[in-house]
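Okay, everyone, let's take a look at this one together. I'll walk you through the fold first and then go down to single residues.

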Amino acid sequence: MKYKRLKVTNFKSFHGETEFTFSTSKDKPITIVFGLNGSGKTALIGAMYWGLFGLKNGKIECDPNLDVHQGTNGEHKFRGLFNFKASSALAPGDSTTCSVEVHFDHEDVEYRVSRTLLASKDSSGNVAIKE
């Protein structure tokens with residue numbers, strides 16, 4: 001399997017739409033992700049994992065710090081995946097999405113997998129996030 005591209009929208013530290021393109025060259029088949037602490041390197045891996053495998057026991061299992069902060073009754077499910085700035089900027093009655101698209105090749109076939117969450121704010125100012 002060769003990763004080709006990752007597109008994230010309002011996922012964790014990535015506000016708005018961000019796209020990453022990975023090297024698929026036979027001469028230079030490596031992509032290096034470099035950045036300061038807190039810049040989103042682990043969130044990038046978490047986005048790929050969530051896109052491909054979803055959640056397991058309320059967590060993205062590749063890193064225990066990427067949990068979804070689920071409350072005891074599931075009332076905050078997915079809140080930890082959604083970019084805080086994007087969800088808090090909603091006006092009552094508005095909605096926005098958090099999404100991940102993973103593009104990859106496997107045995108010369110190109111695949112695209114995606115996951116999307118919808119956040120909407122009610123008239124009381126409460127934000128609900130659902131698949």
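So, reading along the sequence, you get the pattern β-β-α-α-β-β-β. That's two helices and five strands, and keep in mind that this is a predicted model. The protein has 131 residues, and 34% of them count as buried. The accessible surface comes to about 8,300 Å², with 49% of that belonging to carbon and sulfur atoms. And if you take the contacts with a separation of 6 or more, 52% of them are between residues 24 or more positions apart.

Now, the sheet. In what order do the five strands sit in the open sheet? The order is E2-E1-E3-E4-E5, and the pairing is antiparallel. For anyone new to this, strands of a sheet pair through backbone hydrogen bonds, either parallel or antiparallel. At the edges you find strand E2, residues 14-21, and strand E5, residues 127-130; each has a single partner strand, so one side of each is left without a neighbour in the sheet. On average, neighbouring strands here are turned by 10 degrees against each other, direction ignored.

Then there's helix H1, residues 41-53, which packs on this sheet. H1 touches E1, E2, E3 and E4, and the direction of H1 makes about 100 degrees with that of E1.

Let's go through the pairs. E1, which is residues 2-11, pairs with E2 in the antiparallel sense over six bridges. On another side of the story, E1 and E3 are joined by seven bridges, again antiparallel. A nice residue to follow here is Arg-5: in E2 it stands opposite Thr-21, and in E3 it stands opposite His-103.

Next, E3 and E4. How many bridges pair these two strands? There are 12, in the antiparallel sense. E3 and E4 form a hairpin with two residues between them, and in that turn Glu-107 has a positive phi of about 50 degrees. While you're looking at this hairpin, find Asp-105; its bridge partner in E4 is Glu-110. Hold on to Glu-110, please, as we'll meet it again.

Let me stop at Ser-99, in strand E3. Is Ser-99 buried or exposed? The relative accessible area of Ser-99 is 16%, and buried means under 20%, so Ser-99 counts as buried. What does Ser-99 touch, not counting residues up to four places away in sequence? The list is Lys-7, Val-8, Thr-9, Trp-50, Arg-115 and Thr-116.

For contrast, go to the loop between E2 and H1, where you'll find Phe-34. Phe-34 has a relative accessible area of 80%; the cut-off for exposed is over 50%, so Phe-34 is exposed. Phe-34 also belongs to a nonpolar patch on the surface, along with Ile-30 and Ile-32, and together they have about 460 Å² of accessible area.

Last topic: charges. Side chains of opposite charge can pair when their charged atoms come close. The count here comes to five salt bridges, and I'll show you a few.

Here's Glu-110 again: it forms a salt bridge with Lys-4, with the closest N and O atoms 3.1 Å apart. That pair links distant parts of the chain, since Lys-4 is in strand E1 and Glu-110 is in strand E4, 106 residues apart. Lys-4 counts as partly exposed, at 25% relative accessibility. And Asp-105 joins in as well: Lys-4, Asp-105 and Glu-110 are linked in a network of salt bridges.

Arg-5 comes back too, in a salt bridge with Glu-19 at 3.3 Å, N to O. Glu-19 lies in strand E2 and Arg-5 in strand E1, so this pair ties together parts that are 14 residues apart in sequence. Both are partly exposed, Glu-19 with a relative accessible area of 42% and Arg-5 with 26%.

One more: the side chains of Glu-101 and Lys-7 meet in a salt bridge, at 4.0 Å, N to O. Here Glu-101 lies in strand E3 and Lys-7 in strand E1, so parts 94 residues apart in sequence are tied together. You've heard of Lys-7 already, by the way, as one of the residues that Ser-99 touches.

That's my tour, thanks for listening.

Terms used: Residues numbered from 1 in each chain as written. Predicted model: local features only at pLDDT ≥ 70, side-chain atom pairs only at ≥ 80, totals over all residues. Heavy atoms only, no water. Helix = DSSP H or I, 4+ residues; strand = E, 2+ residues; numbered from the N terminus. Buried < 20%, exposed > 50% of the residue type's maximum accessible area, 1.4 Å probe, protein only. Contact = heavy atoms within 4.5 Å. Areas by Shrake-Rupley, 256 points an atom, 1.4 Å probe, with all protein chains shown as cover. Pairing = 2+ DSSP bridges. Axes fitted to C-alpha atoms, helices over the stretch in contact; angles between N-to-C directions. Patch = residues over 30% accessible without salt bridge, like charges linked within 9 Å, V, L, I, M, F, W, Y side chains within 5 Å.
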